[in-house]
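Thanks for sending this one over. Here are my notes, set out point by point so that you can follow them with the model open.

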Amino acid sequence: MIEETIDLKGKIKELRGIIVRTICRGGGGHIPASLSIVEILFVLYHKILKADPTDPKNSNMDRFILSKGHACVALYAILADKVFI
């Protein structure tokens, strides 16, 4: 769960910076698609989904499939933040 001490606006701003830098360093991508979904992914991974990066083989862990492929950099940023990757 989200710890009360997390500055949500600051964390989202940090993730957006990571997204923009990743896309720019990669030589291209869809910045608006990733920026438009970062808040949703943050809430999913911090408040809703039951997903523990320390137990990836847990059969009871929730799974999330992102069908908005142009926004995959936002998912990567969240997964890195949660230490899945």
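The points below cover helix packing, buried residues, the cysteines and a few single residues.

1. A word on the source before the details: this is a predicted model. Please read each value below as computed from that prediction.

2. Let me start with helix 1 and helix 4, which span residues 8–25 and 72–81. Their axes lie 9 Å apart, and the packing angle is about 125°. Helix 1 is therefore oblique to helix 4, and the crossing of this pair is right-handed. On the helix 1 side, the contact is made by Lys11, Leu15, Ile18, Ile19, Thr22 and Ile23. Helix 4 contributes Val73, Ala74, Ala77, Ile78 and Asp81. Sorted by class, the residues of this contact are eight nonpolar, one polar and two charged.

3. Next comes helix 1 against helix 3. Here the axes are 10 Å apart and the angle is about 120°, which means that helix 1 is oblique to helix 3. This crossing, too, is right-handed. Helix 1 brings Leu8, Lys11, Ile12, Leu15, Arg16 and Ile19 to the contact, while helix 3 supplies Val38, Glu39 and Phe42. The class count for the contact of helix 1 with helix 3 is six nonpolar, no polar and three charged residues. If you compare the two lists, Lys11, Leu15 and Ile19 of helix 1 appear in the contact with helix 4 and also in the contact with helix 3.

4. How do helix 3 and helix 4 meet, and at what angle do their axes cross? The axes come within 10 Å and cross at roughly 35°, in a right-handed crossing. Val38, Leu41, Phe42, Tyr45 and His46 form the helix 3 side of the contact. Facing them from helix 4 are Ala74, Leu75, Ile78, Leu79 and Asp81. By class, the contact of helix 3 with helix 4 holds eight nonpolar residues, one polar and one charged.

5. It is worth looking at what is buried in helix 3, residues 38–48. The buried residues there are Val38, Leu41, Phe42, Leu44, Tyr45 and His46. They pack against helix 1, helix 2 and helix 4.

6. Helix 4 can be read in a similar way. Its buried residues are Val73, Ala74, Leu75, Ala77, Ile78 and Leu79. What covers them includes helix 1, helix 2 (31–35) and helix 3.

7. Helix 2 deserves a closer look at Ser34, which sits within that helix. Ser34 is buried, with a relative accessible area of 0%. Leaving aside residues up to four places away in sequence, Ser34 touches Ile19, Ile23, His70, Ala71, Cys72, Val73 and Ala74. Of these, Ile19 and Ile23 belong to the helix 1 side of its contact with helix 4, and Val73 and Ala74 to the helix 4 side.

8. How many disulfides does the structure hold? The number is zero. For Cys24, the closest cysteine sulfur is that of Cys72, 15 Å away and so too far for a bond. Cys24 is exposed, with a relative accessible area of 53%. Cys72 is in no disulfide either, and its relative accessible area of 25% makes it partly exposed.

9. Two further residues may be useful when you orient yourself. Arg21 lies in helix 1 and counts as partly exposed at 42% relative accessibility. The C-alpha atoms of Arg21 and Ile37 are separated by 16 Å, with the two residues 16 apart along the chain.

10. Finally, please check the backbone at Val83, in the segment after helix 4. Its phi is near 65°, a positive value in a residue other than glycine. Is Val83 buried or exposed? Val83 is exposed, with a relative accessible area of 60%.

Notes: Residues numbered from 1 in each chain as written. Predicted model: local features only at pLDDT ≥ 70, side-chain atom pairs only at ≥ 80, totals over all residues. Heavy atoms only, no water. Axes fitted to C-alpha atoms, helices over the stretch in contact; angles between N-to-C directions. Helix = DSSP H or I, 4+ residues; strand = E, 2+ residues; numbered from the N terminus. Parallel < 35°, antiparallel > 145°, perpendicular 65-115°, else oblique. Left-handed = near helix turned anticlockwise from the far one by under 90°. Contact = heavy atoms within 4.5 Å. Nonpolar A, V, L, I, M, F, W, Y, C, P; charged D, E, K, R; others polar. Buried < 20%, exposed > 50% of the residue type's maximum accessible area, 1.4 Å probe, protein only. Disulfide = S-S within 2.5 Å.
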